[in-house]
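The following exercises are to be worked with the sequence and the coordinates at hand. Each task is followed by a solution in steps.

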Amino acid sequence: MEQDLCPNTLPSRAARGKRFAFPAAVTEWMVRVRRAVERVGTPCYVTAWAPMAAALARLDTLPSPLPIRSWFSFKTHPLLALARQWLASGRGVEVVSERELLAVLALNPPVDQLLVNGVAKHSWLQRHRLPRLRVHFDSVNEIDALLPNALEERWRVGVRVQVPDEKDAREPAFRGQFGLSRREAVAALFELADAGADVQSLHFHLGQHQYQTGAYERAVDYVASVCADAGVVPLYLDCGGALPSAHDARNGAAMDDLSRAIARAAERLPGLREIWLENGRFVCEPGTALVVTVLDLKERPDSRYLICDGGRTNQALASRATSSRVPGSSNRWVAPGTIRSWFSHRSSDCAARLSSITVWSRPPTMSRVGARTCASLGPARSGRPPRETMAATGAAGSAAA
Ligand SMILES: Cc1ncc(COP(=O)(O)O)c(C=O)c1O
C-alpha cells in the first residue's frame, strides 16, 4: 500500500492536461487531504490508521519464538487520536516527557499500556503517582532520585543500556547521551535488585544513526552479557525502534537482523516472555501526510523555492537520494485539481522518489520548500503548529477525514 501512496511513474508531457488515473490509495489520500483542509485548513497532519496497522502487522508476524509487542513512540508523531487508536488496538504508548505523559494520561490508559522512557525523568516523574508504572531508567542519577518512588509505587522497572552501535546521527564520533554504559548498567541492576525493585525489562534503542548490518544482533548480545554480569533474568526485552522505513533499501536487512536478534534473545535470556519494539518511522511513515499551503514561489537558477505555511525549511536534504535517516518533507507533487494544497509526505525516502516528479513539472529545476521561519533541521513551522485530523481507513476505503 505504501508503494501506491508514492507513485514514481508520471504522465508524459503529452498526457498533461488529460485525465490521469491515480492508484486508489493515492486518490484516497487526495480525498482525505481535501476534506482535512476544508475542515481545519493548513498546515495539518492527515493520518490514516490502516497503513500503520499494516506496518504493525509486519512486526507482529516477524519470525520470532516470542510474542512481539509494539509500543507507540508518541514523540515520533504526537497525535492524540493516533495514541487513542493505538491503545484501542491493545498496544501500549511509550512517552519520554512530562508533557507526553499528561497528554496520554488524558486518554485513561491502563497502566499496563503505558511505558516511560527518556532522559532526566527525575526532573518531573516524582510529580505523578502512578502505581505499577513501567519505567526504563536512563541514568545513575535518575535511579538515585527515583528509587524511593519506584519502591513505594511498585513500579516495574528496567534500564536502558547504551549499545555498541549507538551513535549520534550527525556526529558519529559521539556515542550520544542516552542510556547507561555497560559498567553503569551492571551496577544499577545490582542496586535495583538489592533495594527490592521489581526489575522486569532491559531496553536498548539503536537511535537515528544509519542502520548498520548486524546491529540488532550485536545489541542483543551486549544486553544479554550485561544481564549475565548482573545476574538479572528479564521478562521483557525492549529492542527500541530504528527500523528504516519500508522504502529504504536497508529495511529488508534490518528486519532479518531483528528477527535473528529476537531468536538470539530467546536463547540467551530464557526468562523472556515478550519482545517489545518502539518503531516510530517504520510504522508512522506510511500513514502520515503533512499538508501545507504554498504561500510564495521563487524561480531561481539553482532551484524553484516554495515558501509554505508548514513543514521544514529548505528541503535540500530531501533531495539527497538516500538520506532516509533524516526526517523531512517534500512538497513536489501537487495534487491534481489543486494549486494551493500540496501533499507532503513525512518520509525523505518518499521525497527522494518524488524528486523525479520535478522532471514533469519543470525540467531540470528542482523545487525546494521553505517555511516562513528559518531553521535547518528543526521542525521549523510557521506560526501555528499543524492541527490533526485522523480517521480509520478501512480496507474498503471508508475514509472519513
Ligand atoms: C526511546 C525511543 N524509542 C523509539 C523511538 C523511535 O525511533 P525510530 O523512529 O527510529 O523507530 C525513538 C526515537 O528516537 C526513541 O528515542
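**Exercise 1.** Does Ala242 count as buried or as partly exposed, and how many C-beta neighbours does it have inside 10 Å?

*Solution.* The model is a predicted one. Begin with the position: Ala242 belongs to the loop that runs between strand S9 (236-238) and helix H9 (251-268). Next, apply the cut-off, by which 20 or more other C-beta atoms within 10 Å make a residue buried. Ala242 has 27 C-beta neighbours inside 10 Å, and therefore counts as buried. Finally, inspect the backbone: although Ala242 is not a glycine, its phi is positive, at about 85°.

**Exercise 2.** Determine where Ala120 lies and classify its burial, then describe its phi.

*Solution.* Ala120 is placed in the loop between strand S5 (114-116) and strand S6 (134-137). Its C-beta neighbours inside 10 Å number 15, so Ala120 counts as partly exposed. The phi of Ala120 is positive, about 50°, and this residue is not a glycine either. As background, most residues other than glycine have a negative phi.

**Exercise 3.** Identify the peptide bond that joins Thr42 and Pro43, and locate Pro43.

*Solution.* The omega angle is about 0°, and the bond between Thr42 and Pro43 is cis. Pro43 itself is in the loop that links helix H2 (24-40) to strand S1 (44-48). For context, most peptide bonds are trans.

**Exercise 4.** Which residues of helix H4 are buried, and how are they arranged around the axis?

*Solution.* Helix H4 spans residues 80-88, and its buried residues are Leu82, Ala83 and Trp86. These three cover an arc of only 100° around the axis, so they are on the same side of H4. The general rule is that an α-helix has 3.6 residues a turn, so residues three or four places apart point the same way. Just after H4, Gly90 adopts a positive phi of about 95°.

**Exercise 5.** Describe the surroundings of Arg91, in the loop between H4 and strand S4 (93-95).

*Solution.* First, burial: with 17 other C-beta atoms within 10 Å, Arg91 is partly exposed. Second, contacts: when residues up to four places away in sequence are not counted, Arg91 touches Arg69, Ser70, Trp71, Phe72 and Trp86. Trp86 is also one of the buried residues of H4. Third, distance: Arg91 and Ser70 are 21 residues apart along the chain, and their C-alpha atoms are separated by 6.5 Å.

**Exercise 6.** Treat Leu101 and Val140 in the manner of Exercise 5, and state the burial class of each.

*Solution.* Leu101 is part of helix H5 (residues 98-105). It is buried, because 23 other C-beta atoms lie within 10 Å. Beyond its neighbours within four places in sequence, Leu101 contacts Val95, Val116 and His128. The C-alpha atoms of Leu101 and Leu115 are separated by 9.2 Å, with their positions 14 residues apart along the chain counted as their separation.

Val140 is part of helix H6 (residues 140-152). Since 16 other C-beta atoms lie within 10 Å, Val140 is partly exposed. Apart from neighbours within four places in sequence, Val140 contacts Leu180, Glu184 and Ala188. Val140 and Gly179, 39 residues apart in sequence, have a C-alpha to C-alpha distance of 9.3 Å.

**Exercise 7.** Which members of the largest nonpolar core touch the most other members, and where does this core lie?

*Solution.* The core has 87 residues, of which Val223 and Leu237 touch the most other members. Helix H8 (residues 215-230) gives the most to this core, with 8 residues. Domain 1 (2-48 + 286-391) and domain 2 (49-284) both contribute residues, so the core lies between them. Take Leu237 in detail: not counting residues up to four places away in sequence, Leu237 touches Ser201, Leu202, Val223, Ala265, Leu269, Leu272, Ile275 and Trp276.

**Exercise 8.** Characterise the shell around the ligand, and then summarise the chain.

*Solution.* Of the 14 residues around the ligand, the nearest are Ser73, Gly241, Glu278, Gly280 and Arg281. The shell divides into 3 nonpolar, 9 polar and 2 charged residues. As for the chain, it has 13 helices and 16 strands. Of its 401 residues, 46% count as buried. Among contacts between residues at least 6 apart in sequence, 65% join residues at least 24 apart.

Note on methods. Residues are numbered from 1 along each chain as its sequence is written. This is a predicted model: local features need pLDDT of at least 70, side-chain atom pairs count only at pLDDT 80 or more; totals for chains, interfaces and linings use all residues. A residue is buried if 20 or more other C-beta atoms lie within 10 Å of its own, exposed if 12 or fewer, and partly exposed in between; C-beta atoms are placed from the backbone. Helices (H or I, at least four residues) and strands (E, at least two) are DSSP runs, numbered from the N terminus. The arc is that of the directions from the helix axis to the C-beta atoms. A residue is near a molecule or strand if its C-beta atom, placed from the backbone, lies within 6 Å of it. Ala, Val, Leu, Ile, Met, Phe, Trp, Tyr, Cys and Pro count as nonpolar, Asp, Glu, Lys and Arg as charged, and the others, Gly among them, as polar. A nonpolar core is a set of buried Ala, Val, Leu, Ile, Met, Phe, Trp, Tyr and Cys residues joined through C-beta atoms within 7 Å. Domain bounds come from an automatic or database domain assignment. Two residues are in contact if their C-beta atoms, placed from the backbone, lie within 7 Å.
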